[in-house]
Amino acid sequence: MNTSRTDAAVQARRQATQEMLERLQTALAGAARDHTPLTVAALARTARVSRTFLYQNQQARALIEQANRANRPHPGVSNSGSRAQPAWKERALNSEDALAQAQREIRTQRTRIAELLGKIRDLEHDLPDGSLQRIVTENTTLKQHVRELTQDNQQLQERLTSARQNNRFMDKRIADLEAQLAPYLTTPPPR
């Protein structure tokens, strides 16, 4: 029984190692496609493996070395026709387009802000002297009046609730008294 557990553990470890190697190959292919430099830290992050695995596993080291050799320029080959140049050129053009669009948007927003500030200044400028203070005072007075009306409304609601409760109590009391009087009303009077 002990050997079957050991065999199962060894098999599980081999399967985990194989999965890590497959993730490493995927990360190396992505790095080659994107023309990103190969670093152990970046590969470990991308492949979701530890750096120790990359250093200690012979197959992982061989895969990294093979990828490094493939990425090195061969002697005597011109670097001007490199595959990476169009990708970087395209990224640079995309960045320039995004920057130009951001600058246009900022210009538009600044223009809109300036227009709104101008409207505010015009509104303030059209007011006669002292009217701003008068408007602020009226606003404060109206707010106080609203608070008073809210308090009065709340008091009236409480009174209404109390009156409804008293009415229900009185209806119940009247019904009880009618029930007590009912036998006397239905029997004939004594002769």
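**Exercise 1. Is arginine 33 buried or exposed, and what is its relative accessibility?**

Solution. The model is predicted.
- Step 1. Take the value: arginine 33 has 60% relative accessibility.
- Step 2. Apply the cut-off: exposed means over 50% relative accessible area.
- Step 3. Conclude: arginine 33 counts as exposed.

**Exercise 2. Find the salt bridge that arginine 33 forms, and classify its partner.**

Solution.
- Step 1. Arginine 33 pairs with aspartate 34.
- Step 2. Check the distance. The closest N and O atoms are 3.8 Å apart, and the cut-off is within 4 Å.
- Step 3. Classify the partner. Aspartate 34 has a relative accessible area of 31%, so it is partly exposed.

**Exercise 3. Locate the salt bridges of arginine 112 and arginine 134, and place each pair in its helix.**

Solution.
- Step 1. Count the bridges in the structure: there are three.
- Step 2. Treat arginine 112. Its partner is glutamate 115, with the closest N and O atoms 3.6 Å apart.
- Step 3. Place that pair. Both residues lie in helix α5, which covers residues 84-126. They are three residues apart, about one turn of the helix.
- Step 4. Treat arginine 134. Its partner is glutamate 138, and the closest N and O atoms are 3.1 Å apart.
- Step 5. Place that pair. Arginine 134 and glutamate 138 are four residues apart in helix α6, so about one helical turn separates them.
- Step 6. Add the exposure classes from the table.

| Residue | Relative accessibility | Class |
|---|---|---|
| Arginine 112 | 43% | partly exposed |
| Glutamate 115 | 43% | partly exposed |
| Arginine 134 | 45% | partly exposed |
| Glutamate 138 | 41% | partly exposed |

- Step 7. Recall the principle: side chains of opposite charge can pair when their charged atoms come close.

**Exercise 4. Describe the overall architecture of the protein from its elements and dimensions.**

Solution.
- Step 1. Count elements. The protein has six helices and zero strands.
- Step 2. Write the order from the N terminus: α-α-α-α-α-α.
- Step 3. Test for globularity. A compact globule of 191 residues would have a radius of gyration near 16 Å. The protein has 44 Å.
- Step 4. Look at the axes. The C-alpha trace spans about 135 × 85 × 25 Å along its principal axes.
- Step 5. Check burial. Buried residues make up 12% of the 191 residues.
- Step 6. Check the surface. The accessible surface comes to about 16700 Å², and 55% of it belongs to carbon and sulfur atoms.
- Step 7. Check contact range. Among contacts with a separation of 6 or more, 54% join residues 24 or more positions apart.

**Exercise 5. Which helices supply at least two residues each to the largest nonpolar core?**

Solution.
- Step 1. Size the core. The largest nonpolar core has 15 residues.
- Step 2. Name the residues with the most contacts inside this core: Leu24, Leu28, Leu43, Val49, Phe53, Leu54 and Ala60.
- Step 3. Assign helices. At least two residues each come from α1 (2-34), α2 (40-47), α3 (51-56) and α4 (58-71).
- Step 4. Rank the top contributor. With five residues, α1 gives the most to this core.
- Step 5. Follow one member, leucine 54. Neighbours within four places in sequence are set aside here. Leucine 54 then contacts Leu24, Val40, Leu43, Ala44, Val49, Ala60, Arg61 and Ile64.

**Exercise 6. Identify the nonpolar surface patch that contains Val136, and classify that residue.**

Solution.
- Step 1. List the members: Leu127, Leu132, Ile135 and Val136.
- Step 2. Give the area. Together these four have about 320 Å² of accessible area.
- Step 3. Place valine 136: it sits in helix α6, residues 131-186.
- Step 4. Classify it. Valine 136 has 44% relative accessibility, so it counts as partly exposed.

**Exercise 7. Where do histidine 35 and arginine 48 lie, and what is the phi of each?**

Solution.
- Step 1. Set the expectation: most residues other than glycine have a negative phi.
- Step 2. Take histidine 35. Its phi is positive, near 60 degrees. Histidine 35 lies in the loop between α1 and α2.
- Step 3. Classify histidine 35. Its relative accessible area is 25%, so it is partly exposed.
- Step 4. Take arginine 48. Its phi is also positive, about 55 degrees. Arginine 48 lies in the loop between α2 and α3.
- Step 5. Classify arginine 48. At 59% relative accessibility, it counts as exposed.

How values were computed: Residues numbered from 1 in each chain as written. Predicted model: local features only at pLDDT ≥ 70, side-chain atom pairs only at ≥ 80, totals over all residues. Heavy atoms only, no water. Patch = residues over 30% accessible without salt bridge, like charges linked within 9 Å, V, L, I, M, F, W, Y side chains within 5 Å. Areas by Shrake-Rupley, 256 points an atom, 1.4 Å probe, with all protein chains shown as cover. Salt bridge = Lys/Arg side-chain N within 4 Å of Asp/Glu carboxyl O. Buried < 20%, exposed > 50% of the residue type's maximum accessible area, 1.4 Å probe, protein only. Core = buried A, V, L, I, M, F, W, Y, C linked by side-chain atoms within 4.5 Å. Contact = heavy atoms within 4.5 Å. Rg over C-alpha atoms; globule rule 2.2 N^0.38 Å.
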